[in-house]
Amino acid sequence: MFNLNLFKTIGVHLYLFIYLIIHNSAITQTLKVDFIRNLENSLNKRDLGLIRKNFKNDENQNILEEFSKIVDDFPDSKWKIKRLKSNIPNKEILRIQVSGKKIVNGEMHILQSNFDYIFSFLNGKIFEGTIKNLFTTIRNDDQKIDISFNIPDKVLTGSKYDIDIILNKPLEEVIIAGAIKPHQVNSFFEQEILLEPLASGGIFKMTRAPSKPGIQIWSGIIAHPKGMVTFTKSIEIVDKI
């Protein structure tokens with residue numbers, strides 16, 4: 001039984017933290033470069049003054065708690081924030097990258113996370129914020145496992161789709177274990193995942209999207225003789241493409 005309450009839950013911590021930071025942040029109608037730079041610097045310097053002054057008192061505690069979880073898991077984590085050109089009317093896009101390293105039982109674990117944040121402005125505040133294309137991995141294999149993640153970014157409501165995590169060079173006569181599981185954000189931290197032997201060189205799953213638009217999150221793990229890879233991926237569920 002593999003408990004996702006461990007540091008592998010960092011993907012959802014990132015999801016919640018960035019949502020809290022940006023969802024109601026009081027900035028001008030023009031997304032200024034200075035704001036993005038200051039936000040990035042504040043995260044990297046662990047200085048939350050910029051964040052505190054942009055939020056109500058009851059929201060500050062949530063932000064500080066989520067940020068603390070990330071820093072506790074990866075004390076040297078670095079944040080990069082970049083504004084992307086948006087082709088969506090009245091929408092802005094930020095691309096956020098988080099990276100970090102951590103030694104656990106003498107092994108180096110490496111965090112890589114990427115996602116986009118899409119939002120609008122109203123009365124000087126950000127609203128209708130959505131995190132898309134979230135993909136987070138934590139691995140301790142020194143990149144020795146040749147693995148491909150074929151998970152869609154977007155699918156139609158109620159449609160069937162494939163999730164393929166492929167070991168491109170599986171080892172013969174070696175038992176590799178793994179599993180993947182969908183999660184609701186509010187219940188993620190209470191769930192566990194049961195590892196099972198993988199005889200087919202990876203995880204190959206056909207599933208069906210929920211019947212309502214939203215975000216679905218998948219988390220999983222591959223346990224390999226050369227190390228371990230955990231991952232979190234968000235999929236946007238839409239009613240039309």
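This briefing describes the fold, cores, salt bridges and confidence of a predicted protein model. The protein contains four helices and 14 strands. Of its 241 residues, 46% count as buried. A search of the whole structure finds five salt bridges, and three of them are described below, beginning with K102 and D73.

**Overall build**

- The accessible surface of the protein comes to about 12,800 Å², and carbon and sulfur atoms account for 49% of that area.
- Among contacts between residues at least 6 apart in sequence, 63% join residues at least 24 apart.
- One pair of residues separated along the chain is N41 and W79: they are 38 residues apart in sequence, and their C-alpha atoms are separated by 8.2 Å.
- N41 lies in helix α2 and is partly exposed, with a relative accessible area of 30%.

**Nonpolar cores**

- In soluble globular proteins, nonpolar side chains tend to be buried together.
- The largest nonpolar core in this model has 20 residues.
- Within this core, the residues with the most contacts are L43, F67, W79, I81, L94 and I96.
- Two or more residues of this core come from each of the helices α2 (33-44) and α4 and the strands β2 (78-84), β3, β4 and β5 (125-139).
- Strand β4 gives the most to this core, with four residues.
- There is also a second, separate core of 19 residues, which includes I145, V155, A209 and I222.

**Salt bridges**

- Side chains of opposite charge can pair when their charged atoms come close.
- K102 and D73 form a salt bridge in which the closest N and O atoms are 3.8 Å apart.
- K102 lies in strand β3 (residues 92-104) and D73 in helix α4 (residues 57-73), so this pair ties together parts that are 29 residues apart in sequence.
- D73 is buried, with a relative accessible area of 14%, which is under the 20% limit for a buried residue.
- D116 and R95 meet through their side chains in another salt bridge, with an N to O distance of 2.8 Å.
- This second pair links distant parts of the chain, with D116 in strand β4 (residues 107-122) and R95 in strand β3, 21 residues apart.
- R95 counts as partly exposed at 36% relative accessibility, whereas D116 counts as buried at 7%.
- R139 forms a salt bridge with D141, and here the closest N and O atoms are 2.7 Å apart.
- Both partners in that bridge are buried: R139 has a relative accessible area of 10%, and D141 has 1% relative accessibility.

**Surroundings of D116**

- Besides its salt bridge with R95, the side chain of D116 makes a polar contact with the side chain of N133, at 3.2 Å.
- Leaving aside residues up to four places away in sequence, D116 touches L84, I93, L94, R95, T130, I131, K132 and N133.
- One of these neighbours, L94, is also among the residues with the most contacts inside the largest nonpolar core.

**Residues with positive phi**

- N90 is not a glycine, yet its phi is positive, near 60 degrees.
- N90 sits in the loop between β2 and β3 and counts as exposed at 72% relative accessibility.
- D142, also not a glycine, has a positive phi of about 55 degrees.
- D142 is found in the loop between β5 and β6 (147-150), where it counts as exposed at 59% relative accessibility.

**Confidence of the prediction**

- The mean pLDDT of the protein is 78, and 70% of the residues reach 70 or more.
- Among the elements of the protein, strand β7 (residues 154-156) has the highest mean pLDDT, at 95, and strand β1 (residues 2-3) has the lowest, at 44.
- Residues 1-8 have a pLDDT below 50, and this stretch has 27 contacts in the model beyond near neighbours in sequence.
- Residues 23-29 also have a pLDDT below 50, with 26 contacts beyond near neighbours in sequence.

Methods:
Residues numbered from 1 in each chain as written. Predicted model: local features only at pLDDT ≥ 70, side-chain atom pairs only at ≥ 80, totals over all residues. Heavy atoms only, no water. Salt bridge = Lys/Arg side-chain N within 4 Å of Asp/Glu carboxyl O. Buried < 20%, exposed > 50% of the residue type's maximum accessible area, 1.4 Å probe, protein only. Contact = heavy atoms within 4.5 Å. Areas by Shrake-Rupley, 256 points an atom, 1.4 Å probe, with all protein chains shown as cover. Core = buried A, V, L, I, M, F, W, Y, C linked by side-chain atoms within 4.5 Å. Polar contact = N/O pair within 3.5 Å; in protein donor to acceptor, adjacent residues only side chain to side chain. pLDDT = per-residue confidence, 0-100.
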